[in-house]
Amino acid sequence: MTLTKQALRALSVGDVVAQREFAFTRDSLVRYAGASGDFNTIHYRDDIALSVGLDGVLAHGMLTMGAAVQPVVDWLGDPALIDDYQVRFTRPVYVPADGEAVVSVIAKIGQVDAEAGAARIDLVVTAAETTVLGKAQVRVHAA
């Protein structure tokens, strides 16, 4: 299903349009590093991460940002309907060596312009009960 102007008109500020959780493991980070070419050692070596003042290995910011917008892409039905996507990286997502970090995403309508057939989707992105992406906003238009 693709977001239509008619469906957009039925939306109100505060409506939750998508929600999802992502589990990041050290294996996830290695796969992302290979795909992105970002082999910064803070993403897979605890000793290096600790030596630069971090609390441990952390997920790539772009991995977190990319995962956070996926529920909106799925809800829209067409990634071409995204006009703009911005976030502020507020806290790192630490990924334990023997477990996973769960990133939770809630996508809510922040603004609707029915005349223009456009909306702003605000994302609440948390890990370990802490906001990890601030002012995460996706501007979309209807098909």
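Which residue takes a positive phi in the hairpin of strand 4 and strand 5? In this predicted model, that residue is A128, with a phi near 50° in a hairpin that has two residues between the strands. The two strands of this hairpin run antiparallel, and nine bridges join strand 4 to strand 5, the latter covering residues 130-141. Within this pairing, I121 has V138 of strand 5 as its bridge partner.

Strand 4 also pairs with strand 3, again in the antiparallel sense, over 10 bridges. One of the bridge pairs here places D113 opposite A118 of strand 4. The hairpin of strand 3 and strand 4 has four residues between the strands, and in it G117 takes a positive phi near 70°. Strand 4, which spans residues 118-127, is mostly covered, with seven of its 10 residues buried.

A view from strand 3 adds detail to this arrangement. S104 lies in strand 3, which comprises residues 101-113. S104 counts as buried because its relative accessible area is 17%, below the 20% cut-off. Apart from neighbours within four places in sequence, S104 is in contact with R20, E21, V124, V125 and T126.

The interior may be considered next. The largest nonpolar core holds 39 residues, of which F24, V72, W75, I121 and L123 touch the most other members. Two or more residues of this core are given by each of strand 1, helix 4, strand 2 (82-89), strand 3, strand 4 and strand 5. Helix 4 supplies the largest share, eight residues. W75, one of the residues touching the most other members, is in contact with M1, L3, L11, V17, A18, I109 and I121, leaving aside its neighbours within four places in sequence. I121 is thus listed among the contacts of W75, and I121 is also the residue whose bridge partner in strand 5 is V138.

The charged side chains form four salt bridges. In one of them, D74 joins R20, with the closest N and O atoms 3.0 Å apart. This pair links distant parts of the chain, since D74 belongs to helix 4 (residues 61-76) and R20 to strand 1 (residues 16-24), 54 residues apart. D74 is partly exposed because its relative accessibility is 45%, and R20 is likewise classed as partly exposed, at 35%. R20 is, in addition, among the residues in contact with S104.

Another salt bridge connects D47 with R45, where the closest N and O atoms are 2.6 Å apart. D47 is partly exposed at 43% relative accessibility, and R45 is partly exposed at 36%. A further salt bridge is formed by D122 and R120, with a closest N and O separation of 2.7 Å.

Is each partner of this D122 and R120 pair buried or partly exposed? D122, at 22% relative accessibility, counts as partly exposed, whereas R120, at 16%, counts as buried. The two residues fall on opposite sides of the boundary because buried means under 20% relative accessible area.

Finally, the surface carries a nonpolar patch formed by V30, F39 and Y44, which together have about 310 Å² of accessible area. Within this patch, F39 is located in the loop between helix 2 (26-36) and helix 3 (46-51).

Note on methods. Residues numbered from 1 in each chain as written. Predicted model: local features only at pLDDT ≥ 70, side-chain atom pairs only at ≥ 80, totals over all residues. Heavy atoms only, no water. Buried < 20%, exposed > 50% of the residue type's maximum accessible area, 1.4 Å probe, protein only. Patch = residues over 30% accessible without salt bridge, like charges linked within 9 Å, V, L, I, M, F, W, Y side chains within 5 Å. Areas by Shrake-Rupley, 256 points an atom, 1.4 Å probe, with all protein chains shown as cover. Contact = heavy atoms within 4.5 Å. Pairing = 2+ DSSP bridges. Core = buried A, V, L, I, M, F, W, Y, C linked by side-chain atoms within 4.5 Å.
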